[in-house]
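Me: I would like to learn how to read a fold step by step. Could you take me through one?

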Amino acid sequence: MSGSLSAPDFHIHGALSLRPDGLSGAALGVAGGVLTDAHVGRAVHLDGWELRPGLIDLHGDGFERHLAPRRGAMKDLSVGLASLDAELAANGITTAYLAQFYSWEGGMRGPEFAARMLSALDGARARLVTDMRVQLRVESHLIDDYPKIEALIDQHDIPYVVLNDHVPHSALARGKRPPRLTGQALKSGRSPEAHLALLQDLHARSAEVPGAVTALAARLAARGILTGSHDDADAAARRDAQAQGLTISEFPESREAALEAAGQGAPIVLGAPNVVRGGSHQGKVSAADLVREGLCSALASDYHYPAPFQAAQQLAGDVGVPAAWALVSSGPASVLGLTDRGQLLAGLRADLVGLNPATGRIGLTVTGGRIAYADPQAAAALLVA
């Protein structure tokens, strides 16, 4: 997805590599953008470092602050994408799925911004080092927009679609004015009255939504596009999602929902910030508890790109380094069907990170064979190679 130019061939000497069968002291080489066990090119000495597969982020919306730090402040989105590229690399993320909304909420979540962002990413991708892809987050009640959404998916080759529902049904069902209505209306460019009328119309069509989602999911699946549900509240919600063809359970809000997903064989994606915080900021189920129960297929950055690395390090004491790191590498790769990455194996895409023993942090990120990030120690080793 990103540019094809690779760095000169090299191999890393003196570091331990986290392989599928455990830690290995054998040199790990990078040739033509893929991994090799051969001592190719220059030797880069990183004594005492540990090499691990690059992180794969299934869902992150932290990119929003790069693209529009303030309303109207970012005219050229490619500048923000370049800044995002650097942040991802510094946090060891070599493949990132940007979670872009397509919603009635407007602003950065509105259809117009979605189209603008997707076009900007297509135009910038050849200049980016990290592999940026898109997860489109579709508001399920926008039934009339489904043809436009599918056209957008086809036009921009979007591989992953999640359905969510942020309509304030509870207030609308009681005939109440939803909270934050005026602010949402201003963000969407509507008057409060027009925004309320839209929400009432969307709520009134709720009975049509399950059938429409089922048909949409079937059409997307026929084109090889992954689909998922978002914030399954309980087991019943996950059963409904599975019945509609939404095969991935993203951020289940309760243990019951996660258990239902596991029983279905559905991949379970949890938020890494939940692990780092020690619990959900909204009082939902603890992601760390679900991980310890084996109810997690992958961790995602959600709103904070440093979180996947932090969560994996934090969980290593509970489940071991290989299992913890798999939640941010081979686990996401499996969920997404990415067979060319996620492990340090000869022949796979050269996506790797190096942990600097002096700092305990990521000191080197290589994506597709290119140096995406290097701290001062790694840069010095690369320069003298």
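Reply: Gladly; we will go from the overall shape to the sheets, the cores and then a few single residues. Please keep in mind that this is a predicted model.

Me: Let's begin with the whole chain. How many helices and strands are there in the protein?

Reply: The protein has 16 helices and 18 strands. Its radius of gyration is 22 Å, close to the 21 Å that the globule rule gives for 385 residues, so the protein is as compact as a globular protein of that length. The C-alpha trace spans about 70 × 45 × 35 Å along the principal axes.

Me: What percentage of the residues count as buried, and how much area does the protein expose?

Reply: Of the 385 residues, 54% count as buried. The exposed area is about 15,500 Å², and carbon and sulfur atoms supply 53% of it. You can also look at how contacts are spread along the sequence: among those between residues at least 6 apart, 67% join residues at least 24 apart.

Me: Now the sheets. How should I read the one with eight strands, and in what order do they come?

Reply: The general idea is that strands of a sheet pair through backbone hydrogen bonds, either parallel or antiparallel. Here the eight strands form an open sheet with parallel pairing, in the order S8-S9-S10-S11-S12-S13-S14-S15. Strand S8 (55–60) and strand S15 (298–300) are at the edges with a single partner strand each, so one side of each has no neighbour in the sheet. From one strand to the next, the twist averages 25°.

Me: Which helix packs on this sheet, and which strands does it touch?

Reply: Helix H2 (residues 77–90) does, touching strand S9 (93–102) and strand S10 (131–139). The direction of H2 makes about 130° with that of S9.

Me: Could we zoom in on one pair of strands? How many bridges join S13 to S14?

Reply: Two bridges join S13 (residues 248–250) to S14 (residues 268–271), and these strands run parallel. One pairing to find in the view is that of Glu-250 with Val-269 in S14.

Me: And how do I read the two faces of a strand?

Reply: In a regular strand the side chains alternate between the two faces of the sheet. In S14, Ile-268 and Leu-270 are on one side, Val-269 and Gly-271 are on the other, and all of them are buried. Both faces of S14 are therefore covered.

Me: What is the strand order in the sheet of four strands, and how is it paired?

Reply: This open sheet has the order S5-S4-S1-S6, and its pairing is mixed. Strand S5 (34–36) and strand S6 (42–45) stand at its edges, each with a single partner strand, so one side of each is left without a neighbour in the sheet. Neighbouring strands are turned by 30° against each other on average, direction ignored. Strand S1 (residues 10–13) pairs with strand S4 (residues 28–31) in the antiparallel sense over three bridges, and His-11 has Gly-29 as its bridge partner in S4.

Me: Next, the interior. Which residues have the most contacts inside the largest nonpolar core?

Reply: They are Leu-98, Met-117 and Leu-299, in a core of 78 residues. Beyond its neighbours within four places in sequence, Leu-299 has contacts that include Ile-56, Leu-58, Leu-270, Val-291 and Leu-327. Another core, of 17 residues, lies apart from the largest one, with Phe-10, Ile-12, Leu-352 and Leu-364 among its members.

Me: Finally, some single residues. Where is Asp-231, and is Asp-302 buried or exposed?

Reply: Asp-231 is in the loop between strand S12 (226–230) and helix H9 (235–243), and its phi is near 60°, a positive value in a residue other than glycine. With a relative accessible area of 29%, Asp-231 is partly exposed. Asp-302 is in the loop between S15 and helix H13 (307–319), and its phi is near 60°. Asp-302 counts as buried, at 17% relative accessibility.

Me: What does Glu-150 touch?

Reply: Glu-150, in helix H4 (residues 146–155), is buried with a relative accessible area of 10%. Not counting residues up to four places away in sequence, Glu-150 touches Leu-216, Arg-219 and Arg-223.

Definitions and conventions. Residues are numbered from 1 along each chain as its sequence is written. This is a predicted model: local features need pLDDT of at least 70, side-chain atom pairs count only at pLDDT 80 or more; totals for chains, interfaces and linings use all residues. Side-chain values use heavy atoms; hydrogens and water are left out. Two strands pair if DSSP finds at least two bridges between them. Axes are lines fitted to C-alpha atoms, for helices over the stretch in contact, and angles run from 0 to 180 degrees between N-to-C directions. Contact means heavy atoms within 4.5 Å. The radius of gyration is taken over C-alpha atoms; the globule rule is 2.2 Å times the number of residues to the power 0.38. Buried means under 20% relative accessible area, exposed over 50%, partly exposed in between (1.4 Å probe, protein chains only). Accessible areas come from the Shrake-Rupley method with a 1.4 Å probe; for residues, only the protein chains shown count as cover. A nonpolar core is a set of buried Ala, Val, Leu, Ile, Met, Phe, Trp, Tyr and Cys residues joined through side-chain atoms within 4.5 Å.
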